[in-house]
Amino acid sequence: MLMEKVAEILAEASAVAVEPRFRALAAGEVMEKAPGEVVTVADREAEQIIAHRLRELLPVPVVGEEAVSADPELARALHSEPAVWLVDPVDGTSNFVAGRPNFAVMASLVRAGQTVAAWIWQPVTGTAYAAELGSGAWCDGRRLTHPPVADSPAQWQGILKSRFLDPATHHRLQSNARVFGHLSGGRSAAGIEYPLVATGEQDFILYWRTLPWDHAPGSLLVTEAGGRSARLDGSAYRPEAPGCEDGLLVTADADQWDRIHAILLGLD
């Protein structure tokens with residue numbers, strides 16, 4: 001019941017606050033909340049709707065992207081509370097503002113520091129992804145299982161998120177990644193990128209900045225579909241308060257992780 005109810009909440013909040021404003025944002029409905037980062041009235045209104053309804057469903061703290069932007073102390077609940085909701089009301093806001101379709105509405109439930117349930121709603125395509133710890137991952141109700149992986153790295157496709165990398169690290173990773181068949185900069189939305197890995201359309205993603213509302217939903221989706229999401233030291237991903245920027249490698253197949261990690265870091 002919980003899985004279905006949260007999916008409904010995200011879709012309904014999107015229909016009310018997000019979708020009517022897609023390619024129809026009025027003057028004054030887009031603001032800069034930090035240098036190079038924008039927020040819209042759609043983000044804020046959707047988060048308010050989602051947070052209110054999630055609390056009715058399960059009365060635990062809600063750590064929302066926009067609420068934390070206004071009060072960073074709210075993120076402490078990830079460590080101090082036994083359970084919290086994480087909410088990203090419009091993941092890929094820059095795409096949304098530009099009229100590009102790559103954005104999503106996301107939520108996840110974290111218990112004792114571990115993501116136990118996750119939801120991703122892609123409004124433009126009407127596609128719903130969900131995952132539950134130990135139970136699996138789904139796309140529109142269809143169980144996700146990863147297809148066989150090609151043997152050669154020359155056939156693998158990946159995404160390297162370079163925006164928050166220092167120039168030297170960026171150059172080293174790009175050089176090491178030349179052995180892969182194809183490397184791109186991604187879609188500027190975790191809620192679009194993670195499903196590409198969960199369904200096998202991409203073999204891996206390397207992230208650096210790992211804000212919890214961006215990565216908790218997709219990481220669980222990928223791991224429950226047979227992949228792996230781990231820090232560069234090999235430790236499993238767990239949602240952390242903003243400020244943890246030590247990298248995250250996500251692979252479609254769990255057995256691929258060590259090989260891709262070695263190649264990217266020049267250990268192979």
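## A guided tour, starting at a hairpin

Select A130 and W138 to begin: A130 stands opposite W138, a residue of β8. Keep in mind as you go that this is a predicted model.

**Stop 1: around β7.** Now widen the selection to the strands themselves. β7 and β8 (residues 136-139) run antiparallel and are joined by 4 bridges. Between the two strands of this hairpin lie 3 residues, and G134 takes a positive phi near 80°.

Next, add the strand that pairs with β7 through 6 bridges: β6 (residues 114-122), which meets β7 (residues 127-132) in the antiparallel sense. Which residue of β7 is the bridge partner of W121? Click on A128, and you have found the partner. β6 and β7 also make a hairpin, this one with 4 residues between the strands. Look in its turn for G126, whose phi is positive at about 65°. While the strands are on screen, a general point may help: strands of a sheet pair through backbone hydrogen bonds, either parallel or antiparallel.

**Stop 2: an open sheet.** Move on to β10, β11, β12, β13 and β14. These 5 strands form an open sheet with mixed pairing, and you can trace it in the order β11-β10-β12-β14-β13. Why is one side of β11 (182-184) and of β13 (228-230) left without a neighbour in the sheet? Both stand at the edges and each has a single partner strand, so there is nothing in the sheet on the other side. Turn the view a little and compare directions: neighbouring strands here are turned by 15° against each other on average, direction ignored.

Zoom in on the β13 edge. Here β13 runs antiparallel to β14 (residues 248-251), and 3 bridges join them. Select S229 and V250 to see one facing pair, with V250 belonging to β14.

Now show helix α7 (residues 190-198), which packs on the sheet. The helix touches β10 (157-160), β12 (204-207) and β14, and its direction makes about 145° with that of β12.

**Stop 3: R187.** Finish in the loop between β11 and α7, where R187 has its place. Is R187 buried, partly exposed or exposed? Its relative accessibility is 36%, so R187 counts as partly exposed. Leaving aside neighbours within four places in sequence, display its contacts: N95, N102, K161, I192, E193 and L196. For a last look across the model, draw a C-alpha to C-alpha distance from R187 to E32: the two are 21 Å apart in space and 155 residues apart in sequence.

How values were computed
Residues are numbered from 1 along each chain as its sequence is written. This is a predicted model: local features need pLDDT of at least 70, side-chain atom pairs count only at pLDDT 80 or more; totals for chains, interfaces and linings use all residues. Side-chain values use heavy atoms; hydrogens and water are left out. Two strands pair if DSSP finds at least two bridges between them. Axes are lines fitted to C-alpha atoms, for helices over the stretch in contact, and angles run from 0 to 180 degrees between N-to-C directions. Contact means heavy atoms within 4.5 Å. Buried means under 20% relative accessible area, exposed over 50%, partly exposed in between (1.4 Å probe, protein chains only).
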